[in-house]
Amino acid sequence: MAVRQRAVTTLPNLMRSLRKGSPKAAPNQPLPSLRYTDTGFTVNGVQYEGSLLCIGNLLLSWTPKKFSEITPNCLSIFQLVRPIPEILILGCGRYIEPVNPELRQFIRSTGMKLEAIDSHAPSKRNAASTYNILNEEGRIVAAALLPYGVSS
């Protein structure tokens, strides 16, 4: 049985890690391998409840509980992160949702491309598998993910 925990980072620790530069994995630290559950995620065998924000090896608990709560403010960390990920994978929950123009413009203003995908679609492309593949290719990628059980 896997340990359940929340992905939490204090602001001082987060700021220190962002100042150090790239969120790339240390050589002895594996990249996250994401899997969905109905209420959260399993990352490298550890279960996390709720929404998750992933930037390289950094995992953060994320406040939005449903797609309509995703705003530029809850993605403002991307105004601080360097280097900027080339793409943001937005895991929409159970269904792909249209991204409002204000949010799309904010993401574009950071220099990232946006890919909005449903959180889990068996035997199809989904946010977790897309994130995993891009990470394995060594690309700088981020994911903002709602659990699969979420639908607006």
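**Stop 1: the loop at Pro83**

Select Pro83, in the loop between β6 and β7. Look at the bond that leads into this proline. The peptide bond from Arg82 to Pro83 is cis, and its omega is near -5°. Keep in mind that this is a predicted model.

**Stop 2: the whole chain**

Zoom out and colour by secondary structure. The protein holds three helices and nine strands. Along the sequence their order is β-α-β-β-β-β-β-β-α-β-α-β. Of the 152 residues, 45% count as buried. Now switch to a contact map. Among contacts with a separation of 6 or more, 71% join residues 24 or more positions apart.

**Stop 3: β7, α2 and β8**

Select residues 87–91 for β7 and 113–117 for β8. These two strands pair in the parallel sense, over five bridges. Which residue of β8 is the bridge partner of Ile87? Pick Lys113. Add helix α2, residues 101–110. Together, β7, α2 and β8 form a right-handed β-α-β unit.

Stay on α2 and walk along the helix. At its start, a side-chain oxygen of Asn100 comes to within 3.0 Å of the backbone nitrogen of Glu102. After the helix comes Gly111, with a positive phi near 100°.

Which residues of α2 are buried? Show Leu103, Phe106, Ile107 and Thr110 as sticks. Then turn the view to look down the helix axis. The buried residues of α2 fall within an arc of 95°, so they line one face of the helix. The general rule behind such a pattern is simple: an α-helix has 3.6 residues a turn, so residues three or four places apart point the same way. Cover for the buried residues of α2 comes from elements including β7 and β8. Rotate to the other side of α2: Pro101, Arg108 and Ser109 are exposed there.

**Stop 4: the cores**

Next, show the largest nonpolar core, a set of 24 residues. Trp62, Ile70, Leu75, Phe78 and Leu88 are the members that touch the most others. The elements giving two or more residues to this core are β5 (52–55), β6 (58–61), β7, α2 and β9 (141–145). Which element gives the most? The answer is α2, with three residues.

Centre on Leu88 and list its contacts, skipping residues up to four places away in sequence. Leu88 touches Leu75, Phe78 and Ile107. Its partners also include Met112, Lys113, Leu114 and Glu115. Ala142, Ala143 and Ala144 complete the list.

A second, separate core has 19 residues. Select Phe41, Val43, Tyr48 and Ile117, which are among them.

**Stop 5: Ser51**

Go to the loop between β4 (46–49) and β5, and pick Ser51. Is this serine buried or exposed? Ser51 has a relative accessible area of 5%, and the cut-off for buried is under 20%, so Ser51 is buried. Measure from its side chain in the viewer: a polar atom there lies 2.5 Å from the backbone oxygen of Pro64. Expand the selection to the contacts of Ser51, leaving aside neighbours within four places in sequence. They include Phe41, Leu60, Ser61, Trp62 and Lys65. Leu145, Leu146 and Pro147 are also in contact with Ser51.

**Stop 6: Asn44**

Move to the loop between β3 (40–43) and β4, where Asn44 sits. Check its backbone torsions. Phi of Asn44 is positive, near 50°, in a residue other than glycine. Asn44 counts as partly exposed, at 41% relative accessibility.

**Stop 7: helix α3**

Finish on α3, residues 127–136. Begin with the cap: Asn126 caps the N-terminal end, with a side-chain oxygen 3.1 Å from the backbone nitrogen of Ala128. How many of the ten residues of α3 are buried? Seven are, and the helix is mostly covered. Select Ala127, Ala128, Thr130, Tyr131, Asn132, Leu134 and Asn135 to see them. What covers these buried residues includes β2 (34–36), β5, β7, β8 and β9.

Pick Asn132 within the helix. Asn132 counts as buried, at 7% relative accessibility. Draw a line from its C-alpha to that of Ala143: the two atoms are separated by 9.9 Å, for residues eleven apart along the chain. The last pick is Gly138, which follows α3 and has a positive phi near 80°.

Key. Residues are numbered from 1 along each chain as its sequence is written. This is a predicted model: local features need pLDDT of at least 70, side-chain atom pairs count only at pLDDT 80 or more; totals for chains, interfaces and linings use all residues. Side-chain values use heavy atoms; hydrogens and water are left out. Buried means under 20% relative accessible area, exposed over 50%, partly exposed in between (1.4 Å probe, protein chains only). Helices (H or I, at least four residues) and strands (E, at least two) are DSSP runs, numbered from the N terminus. The arc is that of the directions from the helix axis to the C-beta atoms. Contact means heavy atoms within 4.5 Å. A polar contact is a pair of N or O atoms within 3.5 Å; within protein, one must be able to donate a hydrogen and the other to accept it, and residues adjacent in sequence count only if both atoms are side-chain atoms. Two strands pair if DSSP finds at least two bridges between them. A crossover is right-handed if, with the strands pointing away from the viewer, the path from the first strand over the helix to the second runs clockwise. A nonpolar core is a set of buried Ala, Val, Leu, Ile, Met, Phe, Trp, Tyr and Cys residues joined through side-chain atoms within 4.5 Å.
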